[in-house]
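Me: I'm a first-year student, and I'd like a close look at one single spot in this protein. Could you walk me through it and then show me what else is going on around the chain?

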Amino acid sequence: ACIECLQTLYDAQLAERDFKGMTATAGRLLELAGTPLDKSVAEYKLGAALFYKAGEKPKPDQLQATHEALQQALSDYPRNAGALYLDGKVLARLGKMDEAKASFAKCASCVSPLSERGTDSIGSDFDPADAVPTTARLRAATATAETTRSRHLPAAGRLGRVFRFMFSPSI
């Protein structure tokens, strides 16, 4: 089996809510992973499968196993935004709010438009005020999501709550 075939199988299993099969497929993806990035993605998929398999009322040991899989994914590729986000959710369910908040903040920094540039590529003509419109647009989008009922736009409602948490002044 090739990696692309296994990823397609994983996606189909997710659509069918076959979490046990997702766990097995993620394990096979991990065996085939050749680069640290591929390994990180496979470990993230394993963590996601464990998270979904645990259900709405997971036991602490299930959450701990998920956390460990996600930490392994992050040790292979620290900028894995999906692993950072899911690990934040797991840590929050474990009651480790400070660690969860830190994980969400790292996730936000990974997907920030300015994080792609890095500090080395920022020239002397760079003005940090240029980032303000981006933040303002995000906050405006959040305000729009807040005023829209989540049953009409469920993804926008949840996304708005994530942005409010990640971009609150207390972070």
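Does serine 103 count as buried or exposed?

Reply: Quick housekeeping before the good part. You're looking at a predicted model, where local features need pLDDT of at least 70, side-chain atom pairs count only at pLDDT 80 or more, and totals for chains, interfaces and linings use all residues. Numbering starts from 1 along each chain as its sequence is written, and side-chain values use heavy atoms, with hydrogens and water left out.

Now your residue. Serine 103 counts as buried because its relative accessibility is 6% (buried means under 20% relative accessible area, exposed over 50%, and partly exposed in between, using a 1.4 Å probe and protein chains only). Serine 103 sits in helix H6, which covers residues 97-111 (helices are DSSP runs of H or I with at least four residues, strands are E runs of at least two, and both are numbered from the N terminus). If you skip its neighbours within four places in sequence, serine 103 is in contact with Leu84, Asp87, Gly88 and Leu91 (contact means heavy atoms within 4.5 Å).

Let's zoom out. The protein chain has 8 helices and 0 strands, so to speak α-α-α-α-α-α-α-α when you read along the sequence. Of its 171 residues, 29% count as buried. Among contacts with a separation of 6 or more, 51% come from residues 24 or more positions apart. The chain exposes about 10,600 Å², and carbon and sulfur atoms supply 56% of that (areas come from the Shrake-Rupley method with a 1.4 Å probe, and for residues only the protein chains shown count as cover).

How do some of the helices pack? Take H3 (residues 36-54) and H4 (residues 60-76): their axes are 8 Å apart, at an angle of about 165° (axes are lines fitted to C-alpha atoms, for helices over the stretch in contact, and angles run from 0 to 180 degrees between N-to-C directions). H3 and H4 are therefore roughly antiparallel to each other (over 145 degrees; under 35 is roughly parallel, 65 to 115 roughly perpendicular, and the rest oblique). H3 passes H4 in a left-handed crossing (the near helix is turned anticlockwise from the far one by less than a right angle; clockwise would be right-handed). The residues making this contact include Tyr44, Leu50 and Phe51 of H3 and Ala65, Leu70 and Ala73 of H4. By class, the contact of H3 with H4 has 9 nonpolar, 5 polar and 3 charged residues (Ala, Val, Leu, Ile, Met, Phe, Trp, Tyr, Cys and Pro are nonpolar, Asp, Glu, Lys and Arg are charged, and the others, Gly among them, are polar).

H3 also meets H1 (residues 3-15): their axes come within 12 Å and cross at roughly 15°. That makes H1 roughly parallel to H3, and the crossing is left-handed. Here the contact is made by Gln7, Tyr10, Asp11 and Leu14 of H1 and Lys45, Ala48, Ala49 and Tyr52 of H3.

Two last stops. Glutamine 13, in helix H1, is buried with a relative accessible area of 12%. Not counting residues up to four places away in sequence, glutamine 13 touches Asp18, Gly21, Met22 and Thr25. Lysine 57, in the loop between H3 and H4, is exposed, with a relative accessible area of 79%. Its C-alpha atom is separated by 9.6 Å from that of arginine 93, 36 residues apart along the chain.
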